[in-house]
Amino acid sequence: MTGSRTTGPNDDAALPAEVDVVVVGAGAAGMTAALAAADRGLDTVLLEKSEWFGGSTARSGGGVWIPGNYALREAGEADDPELSKTYLDSIVGDVVPKVRRDTYIDRGPEVLDFLRDHTPLRFTWVPEYADYHPEAPGGRPRGRSCEPVPLDARCIGDELDRLHPQYTKAPANMIVTQADFRKISLGLRTLRGPVTMVKVAVRRIISGLLGRKMFAMGNAIAIGLRKGLIDAGVPVHYGADLQDLLVEDGRVVGVTVVRDGATHAVRARRGVVLGSGGFERNLALREEHQPRPTSTEWTTGSENNTGGGILAGVAAGAATDLMDDSWWGPTIPLPRGPWFCLAERNLPGSIIVNQGGERFMNEALPYVEAVHEIYRGQATGVGHVPSWMIIDQRYRNRYLFAGLGPRQPFPGRWYKHGAVRKAATIEALAAEIDVPPHALRATVDRFNGFARSGVDEDFHRGESAYDQYYSDPTVKPNPSLHAIDQGPFYAVKIVPGDLGTKGGLLTDERARVLRADGTPITGLYAAGNVSAAVMGRTYAGPGATIGPALTFGYLAVEDIAAAADRPIAEKETA
């Protein structure tokens with residue numbers, strides 16, 4: 001990306017020749033690791049490929065799923081850690097070793113305590129945002145997710161110009177939290193919707209009058225971590241693109257990066273921590289590892305995530321895992337970029353059909369599971385990519401949709417782009433999207449019957465506490481089901497998008513990068529989406545990407561600090 005920005009504090013400084021710890025990537029994992037290293041008195045440098053800090057975290061909703069943390073305790077919502085472990089046991093299983101899953105549960109709260117003590121970040125519970133599998137053993141219908149309290153970005157001065165561009169446009173002081181979004185998505189259906197909209201507007205006016213620059217969600221996390229690094233004196237060098245890891249006698253001793261067209265070596269006396277993100281923007285890697293069809297145009301991950309850290313780790317002997325999986329989500333391919341389809345699927349009066357005109361899943365499924373169903377269906381030979389979300393005018397009159405207010409017409413460019421089709425009847429809409437008219441009519445009629453009875457006999461939509469979180473409580477008897485019968489009718493294109501890839505370097509509970517034989521590569525650590533996800537092939541709840549990034553970035557540095565005290569033999573084999 002291009003544009004004029006204020007020079008950052010380390011833009012003109014020469015890269016150091018040697019430090020204790022080299023951290024690659026200024027996202028949640030990398031910034032947490034760098035902050036933890038500085039706190040332990042380690043000479044640390046953070047190298048960032050792009051011109052921005054924050055990575056995909058800055059573009060996210062900012063949820064953090066770490067059971068038992070202080071925010072949950074303060075809200076009276078912390079539960080027995082053993083229940084959280086049971087939950088991960090039940091949904092993740094042996095895809096990820098139990099010791100790694102348990103370490104995440106045991107140590108995660110400590111990491112949020114550390115960030116509270118070393119940054120301006122503060123977290124609060126997201127009320128009743130259910131775990132994504134709340135009915136599984138150990139699952140929690142009231143949820144375990146927290147989010148950052150909105151933060152005044154004046155604390156980082158001109159470095160705010162370096163905040164990673166957002167996924168959608170949200171100017172400073174337009175503070176919408178995750179808790180707010182749930183209410184606003186219902187439009188005027190409940191009193192909480194307009195009241196929340198007024199509160200957002202008033203907060204913006206007050207902040208503007210006071211000269212504040214308030215940010216929420218993932219932006220707040222990124223800004224808070226960046227402030228911690230500034231206070232700790234950790235240099236951040238932008239435009240430093242990782243090329244290779246320096247390996248001597250089987251040990252990683254530094255990195256080589258390209259900056260301003262020149263190659264630089266930065267040696268690490270103690271260790272290298274990779275926090276450089278996934279490979280969602282690398283089409284070749286996607287086509288090699290992920291299900292087809294795939295596209296770099298369907299992801300909302302940072303445009304700089306092209307898998308450089310993963311490739312460097314593999315070249316150094318690392319094993320990988322879960323490369324065929326992602327933090328999936330049904331996505332609308334809009335002209336200006338993909339829209340990650342969240343509440344739209346849960347709200348009543350919508351269904352998703354394949355190219356045979358038939359439903360094939362509970363549309364309100366957690367987003368990772370929903371795309372698993374899309375690809376599973378694609379493999380059967382019936383086209384599921386694209387799929388189509390079918391809604392009617394009543395739905396459009398009631399709810400927000402992809403950033404549009406209730407009753408606001410779909411922009412003409414959406415129709416021109418092919419993202420939306422419109423027709424007076426269901427049969428005519430079927431012709432618009434090239435599905436069998438009789439099949440689509442039968443599907444809608446059957447679904448309308450379920451809406452009247454309140455029971456989705458085919459896919460059980462609305463039965464899970466998660467389904468109900470983004471539903472409409474004014475709709476009875478099932479808040480996630482309503483008939484689709486008020487023309488005109490709309491079909492919205494749905495593709496298998498993602499928040500980022502979840503496959504990467506294989507790591508252990510200390511965040512050490514492992515070889516195929518299970519032995520650690522001395523001196524090399526990874527956290528965040530450059531590493532294979534501790535969540536395996538599923539998603540525990542809101543923030544189950546950022547939570548592990550923070551936790552394992554912190555634990556990587558703990559092991560680096562402890563490694564100096566371990567015997568040589570243990571360093572090589574432990």
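**Exercise 1. A bridge between loops**

Task: Find the salt-bridge partner of Arg461, and decide whether the two residues are buried or exposed.

Solution. Step 1: Arg461 makes a salt bridge with Glu363, and their closest N and O atoms are 3.0 Å apart. This passes the test for a salt bridge, which asks for such atoms within 4 Å. Keep in mind, as you work, that you are looking at a predicted model.

Step 2: Now place the two residues. Arg461 sits in the loop between helix H16 (437-453) and helix H17 (465-469), and Glu363 in the loop between strand E15 (350-353) and helix H12 (367-378). The pair is 98 residues apart and links distant parts of the chain.

Step 3: Both Arg461 and Glu363 are buried.

**Exercise 2. A bridge within a helix**

Task: Work out which element holds both Arg116 and Asp113, and how many residues apart they are.

Solution. Step 1: The side chains of Arg116 and Asp113 meet in a salt bridge, at 3.5 Å from N to O.

Step 2: Both residues belong to helix H5 (residues 98-118). They are 3 residues apart, which is about one turn of the helix.

Step 3: Check the surroundings of Arg116. Its relative accessible area is 26%, so Arg116 is partly exposed.

**Exercise 3. From one bridge to a network**

Task: Which parts of the chain does the salt bridge of Asp20 and Arg269 tie together?

Solution. Step 1: Start with the distance: the closest N and O atoms of Asp20 and Arg269 are 2.8 Å apart.

Step 2: Asp20 lies in strand E1 (residues 18-24) and Arg269 in strand E11 (residues 262-274), so the bridge ties together parts that are 249 residues apart in sequence.

Step 3: Compare how open the partners are. Asp20 is buried, with a relative accessible area of 13%, whereas Arg269 has 38% and counts as partly exposed.

Step 4: Look around the pair. A network of salt bridges links Glu18, Asp20, Asp43, Glu248, Arg267 and Arg269. In the whole structure, a search finds 40 salt bridges.

**Exercise 4. Strand E21 and its partners**

Task: Decide for each of E11 and E20 whether the pairing with E21 is parallel or antiparallel.

Solution. Step 1: Strands of a sheet pair through backbone hydrogen bonds, and the pairing can be parallel or antiparallel.

Step 2: E11 and E21 pair in the parallel sense over 3 bridges. Here Leu274 has Ala526 in E21 as its bridge partner.

Step 3: Strand E20 (residues 512-514) runs antiparallel to E21, and 2 bridges join them. The bridge partner of Arg512 is Tyr525 in E21. The hairpin of E20 and E21 has 5 residues between the strands, and Gly518 there takes a positive phi near 90°.

Step 4: Strand E21 (residues 520-526) is mostly covered, with 7 of its 7 residues buried.

**Exercise 5. A buried alanine**

Task: Find which residues Ala556 touches, leaving out those up to four places away in sequence.

Solution. Step 1: Ala556 is in helix H18 (residues 546-563), and is buried, with a relative accessible area of 0%.

Step 2: With those neighbours in sequence set aside, Ala556 touches Val273, Arg510, Ala511 and Tyr525.

**Exercise 6. An open sheet**

Task: Which strands stand at the edges of the sheet E3-E5-E4?

Solution. Step 1: The open sheet has 3 strands in the order E3-E5-E4, with antiparallel pairing.

Step 2: Strand E3 (64-65) and strand E4 (123-125) stand at the edges with a single partner strand each, so one side of each is left without a neighbour in the sheet.

Step 3: E4 pairs with strand E5 (residues 145-148) over 3 bridges, and Phe123 stands opposite Pro148 in E5.

**Exercise 7. Empty space**

Task: Describe the linings of the largest cavity and the second largest pocket by residue class.

Solution. Step 1: The largest cavity has a volume of about 110 Å³. Of its 15 lining residues, the closest to the centre are Gly528, Ser531, Ala533, Thr545 and Pro548. H18 supplies the largest share of this lining, 3 residues.

Step 2: The lining of the largest cavity divides into 10 nonpolar, 4 polar and 1 charged.

Step 3: The second largest pocket has a volume of about 210 Å³, and H17 gives the most to its lining, with 3 residues.

Step 4: The lining of the second largest pocket has 7 nonpolar, 2 polar and 4 charged residues.

Terms used: Residues numbered from 1 in each chain as written. Predicted model: local features only at pLDDT ≥ 70, side-chain atom pairs only at ≥ 80, totals over all residues. Heavy atoms only, no water. Helix = DSSP H or I, 4+ residues; strand = E, 2+ residues; numbered from the N terminus. Buried < 20%, exposed > 50% of the residue type's maximum accessible area, 1.4 Å probe, protein only. Contact = heavy atoms within 4.5 Å. 1 Å grid on protein atoms, 1.4 Å probe; cavity = no way out; pocket = protein on both sides within 12 Å on 5 of 7 lines; lining within 4 Å. Points joined across faces, edges and corners; volume = space filled by probe spheres on them. Nonpolar A, V, L, I, M, F, W, Y, C, P; charged D, E, K, R; others polar. Pairing = 2+ DSSP bridges.
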